[in-house]
Structures are given as structure tokens and as C-alpha cells.
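Please open the model in your viewer and keep the selection panel at hand. The tour starts with the whole chain and then moves to one strand and its partners.

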Amino acid sequence: MAELKDGDTVQLHQEDANMKVVDDTVKMQAASEEEGVQLSVHEATSTDTVKTEHRHEQTPATTSSERHVSIQSTLEGLEMLVDLNGAGRKSCPLCPEEKFKACYSHKLRRHLQNLHWKVYVEFEGQRMCICHLPCRQMKSSLGSDQSQARLVAHYHCVVCSVTIARKTDMISHLKRHINKGETEASYSGTSDVLCEEPVPGGQVYEIMKELGTNVQLMPNHNTPQKTDTYFNRKMKTNRQLVFCSLAVLAEERSPLECLDAFGATGIMGLQWAKHLRNAVKVTINDINEACVKMIKENCRLNHIRAEGGRATRQVEGTGESDNPIATVEVSKMDANVIMHLRAFDYIHLDPFGTSVNYLDAAFRNVRNLGIVSVTSTDTGSLYSKSLNVTLRHYGCQIVRTEYYRELAARMVVASIARAAARCNKGIEVLLAVALEHFVLVVVRVLRGPTQADESAKKLRQLLHCQWCEERVFLKPGSMVEENLYRQLPCQCHGSMPGKTAVELGPLWSGSLFNTGFLRRMLVAAVQHSMEDIQPLVKTLICEADCTTLKSFSVTGHSVLANQVECGVVIKTLQKVEEADTADQSGKRKSEEPSNVVKKLKSDASLEHPAFYYSIHRHSIRGMNMPKLNKFLQYLTEAGFRVSRTHFDPTGVRTDATLEQFKSVLTKYSVPTYSSAPPSGNQGHGISTDDKGRKTD
């Protein structure tokens, strides 16, 4: 079959060449009309032949244009790529000529079985054989010599068409697809949505689906240095958290003018427009021309109308945008410029690296009670790996600690608070998440110099003990204290020589979470079927209340209620079941107008404890510590507020001091008998087993 296909392609190329020669002779010598008719008839028949052959080739469900030739279901399918029954020498369909020369059928069959088929990776009945063709030239280095990259053995993913060199890496890659629920082949080499300009080097787009939104990706979208339209699959949690925060704000007031300042592929803004529809007016901005074209192509792919600007209102696209499901404005402008020119209710900043260069422009025109979400991916400077960069970007002096992730979140909030105060605005922190790849902070903007002063007062220095890692925020005041070590609960300064503590900061000393906002985010996550972030949001709610009680009710109908956030009454959604239970008893109904507001204000003032302790960091040597959930129960019985934290899976957030924390841990730890008993016990005739029984 391969020889027949090759022969057909050679014949077609020969016919095209003959046609070009005839066209040139027609132009130069002015041939007769009869010859022109014959040429047109010959061209029509050849075109029909190509179409019929192409139609026969695309008859299967998974076509050759959609699936690479190295992906086969059976060994016979791999051998059918070459006519092994014919005579003569034949080339391998998965190896270049310079790697494997043409040979006879028996040797080629042995080559296909032992080299390509023997090391396949199976996924849902499809077997991905190893390929030696020059398929990885798109992802080669920027150097001029690319011959080494073309001959790298690799596998082609059946789901997303990415090329991966190692078999173990391909297995891990497929497991990530399974965890995300991506089990169908979403890649198409000839997609229905065509690009305005062909990709250089014969590259093909990859179509990825996330939260019901399709986006086209370049083959090297994972490498920021090699592509303009950068896309990171690991930021899915970040995108879903930002979406839920916008959905909560859309319930308070609509329509919202929201801005995705760094669009790249535009997936975040497209998710906003596709799921929230008329509740939001989305603007996707990017300064790169290639990104703007990619965003418009993704708008066509999702049947969303793309408008070129506020004044022109030019509709991009043809037939697919006749009945659009939403409208998105796409702009090509510097992020600082567009935020200075226009006012928005919701602004999301997600640059590559630090976001401190865009904070002043973001707070310049953001509306009152609007929301600004900031994603920082410069984890090297935030997580205390590049201290000089941290001091240069954030103006903070930090060291590596056990609570370095919360330290990074408080450092970003401090930079946001300073930028807002320069614009006579205050902030209320609604959410602060620090995970492996990013730090996300969501704040509500409160206009006025009074609110700005209140936010500025929460910027304090942190006193950190380098011996026991106890920490405490320094008390505000203008008087210089003679001995700062008195504020630390530990006694390391008296027992250790020299300077035992360092000052870190300035950092944000206020709360990092708003319980009411997080509960409404959980409702939005359930409504939009975001199962991935629901456990994280539940952990954040428990961490905001500093409790281990997990009482979440997201079922039932909703009615409008009022919630006090930072002294501002905001309309929220309250469950009808909760409202009915509140109206059933006359006592609870009589105290609704003023007492409820006082309770809400007191709950808002009761902030969660700052920072957390790692149970493994402070474990006692030679002792078996209790399980984490049991230890949380012991701390609660001792009278302390306690909860788990998303910053560290082994961390415990509590209002107990480190000394109290260690005393409870020591009380419920069991000694480990890993070594032989002392010689003095042998005289009394006590064995190790008897000693263990007595201790029990």
C-alpha cells in the first residue's frame, strides 16, 4: 500500500509539473482554445481523482491526518504500512533512509517487530510505537544545526499529538490525561478553523479543551522562549479559582467589565464569556500580534464574536459568528496603557514572572468594590531562592523558613497594599493561595484615604527566631524598643549566644481569607462542575475559620441576603433552607436587624492565626508522633484553635505558641524502641518485650 501511495503521489507531482509547463507555454506562445479546453478537462479529472483518493483515505473514524502512522492497534496494521509480500527492497515507514536502509521483506518484518512494536505504549486499545522520523524539528533548539534534533527517537501521544522521547515520560503524560479526564483524541492536523497565516515549517496546531472551551496551541507552547502564545496546563487550578472569584462578583452586580490583561491564548477570557454570558463584558488584551491572532482564532473555534475595539466594533469571522453565544473584545495594547485609559470592575494580572510593574496601573482606574486578582509565577524570588531579586522587586528582606509559602503570599499582598495606598485605595484580602507553580492573591478594592490608611497599618515587620523558628509580628508604634527579643515567646536569646532572631518584611499582617467569599466560591465551583478545586476551596474555608469542622451546604435554592465585608454591606446568596430555619423560631427572627450585623462584624474581626507549624519539622527524635488528624483533635481538646493549611500538607495552623505546640506533641508521642536496652536493665531480668508491655 505504501508503494502504491508513493506511486500515486509521484504521478500527481508529475501531472502538476506538466500542467505548469503547459500553462507557461500558453502564456508565452498564446496556444489555441482547444488546447486550453483539453488542459481544463485534464485538470478537472486529476482533481476529481485526488478528491476521491483523499475521501477513501479519510473514511476511518481516526484518519491518517489526525493520527500519526506510528499509532496502530495491531501488529498487522503496522506491517500493512509496507507491502511485505511484494518483491524487492523496501524502506521502513518509521525510520529515515539514512538510519535504516531499504532491505528485503523478511528483514523489514523483523525490524518492525523488534524495534518499533516491541516497545510500544498502549492507551485505550491504541499502541504508540516508537518513531525515528524527523518529527521533532519544530521543538529543536534555536541554533542553526538541527540535524541532531530530527533523529531523536520519540513517541506520538494519541490524545494531544505531543512528541515525547522516553517511554516512562509518555506513561506519566498519559496518566495526567486520565486524571484530567482527557481520554479522547482532541488533536486534528486539519482543523475546521484555519489559521490566517500558515505556521512556518509545516507545523500543526494542537486543540486543547478545558472547562468546555477549545483553544489552539502551538507545538512549542510549553516553552516561553520559543513561542509567543505560551500556555501552561499546570495552571488549571489557578484559572478555575479566578473564574470562581469572577462568578461571585457577577452575582453582586452585572454586567461587569472585566479585563484579562495578558491573554496569550485567551483561554481565561473565553471561559468567562462562555459560561457567564451576559453577566460580563470581557476584554482580552495582549501586546503581541501573534497572540491577538491566536485569540481571534480561538474565538471562532468557540463560536464567540471577537470585536476589534470599543470604537470600531469590527466583527471577526464569517459563518460561525452569525449566531455567537457571547461577545469578546480583543485589544492589542500595553497592559499599563489599557488599565490607565479605561475603568474595569475586575482585573486579572498574570504576566510571565513578577506582577509588581503593573500594580500601579491596575489600581488607578479600578472601580469601587471591584476585584483585582494577581498571579505571580516568579517562585524563585518568592520562595527565598533569589534573595537579591526579592529585595529588588518586592522591597522585602526574607530568609528560607518552614512557612516560606505563606511568607511569599504575605509579601505579594504587601506589594499590592502599597500600590493601592499610592492611589488612595485600601484593600480587603479575599483569597491568597500559594502552590508549587504560582502565588494567587485576590483582593477587593475599597476607595478612600481612610481605607488606604487602614491597609497601610497592617504592613509590619516580622521577628523570626533562627533557632526554633518561632515568629511574631512586631507591635506597631513609634517608640524604639530596647530589646526586641522580649516580644518573642521563646527563650532562645537567653540560652544561645549572639543574635538569634532576624527581622523580615515588611509583610502583610492581616487576614488572608474571607470566609463568606470562599463559601460563595464553593457554590460557584459546584454550579460549574469544577471538581478539581472543590477540595482546595473547602480546605481554605476551614483554614479561614481555623477549625476542623467541615460543614458545607451547597444544595438548595438561593435568595439574596446581605453580608458585611470590611464594614460594607454586599448582596450575597443565602440558601432558602437556612432562611427557613432562621424564620421558624421567633427568638432567632427577633434578633435579625441589628444583632446579625454585629455578629458578622465580630466574626470578621476574629482573624485566623498568622502562619503555621510543620508537625514533621518539630517532631521529637526517637519518638513516634501521632497521626495528623489525631494531633489536631488533641490540640482542640487543649483549648486551642486549630486547622490544616493548604500551604503545607503537614502544616498545622493554630493560635498556640511553639512551646505549647511542642508540649502537646511530646505528650502524645510514643517512644521508639529501635535499639537494645541499656546494660543496667539486664540485671533486673527485664527484656525489651516486657519493658514495652509495662510502658503500654
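How many helices and strands are there in the protein? Colour the model, which is a predicted one, by secondary structure, and you will find 24 helices and 26 strands. Staying with the whole protein for a moment, 45% of its 696 residues count as buried, while the exposed surface comes to about 35,800 Å², of which carbon and sulfur atoms supply 51%. If you display contacts between residues at least 6 apart in sequence, 63% of them join residues at least 24 apart.

Next, select residues 366-376, which form strand β14. Of the 11 residues in this strand, 8 are buried, that is, under 20% relative accessible area, so β14 is largely enclosed by the rest of the structure.

Now add residues 344-349, strand β13, which runs parallel to β14 and is joined to it by 5 bridges. To see the register of this pairing, label F344 in β13 and V366 in β14, since these two residues stand opposite each other. Then show residues 359-364, helix α11, through which the chain crosses from β13 to β14, and note that this β-α-β crossover is right-handed.

Finally, select residues 439-447, strand β16, which pairs with β14 in the antiparallel sense over 6 bridges. Within this pairing, label I371 and its bridge partner in β16, R444. With β13, β14 and β16 displayed together, you have a parallel pairing of β13 with β14 and an antiparallel pairing of β14 with β16.

Technical notes. Residues numbered from 1 in each chain as written. Predicted model: local features only at pLDDT ≥ 70, side-chain atom pairs only at ≥ 80, totals over all residues. Heavy atoms only, no water. Buried < 20%, exposed > 50% of the residue type's maximum accessible area, 1.4 Å probe, protein only. Helix = DSSP H or I, 4+ residues; strand = E, 2+ residues; numbered from the N terminus. Pairing = 2+ DSSP bridges. Right-handed = clockwise from strand over helix to strand, strands pointing away. Contact = heavy atoms within 4.5 Å. Areas by Shrake-Rupley, 256 points an atom, 1.4 Å probe, with all protein chains shown as cover.
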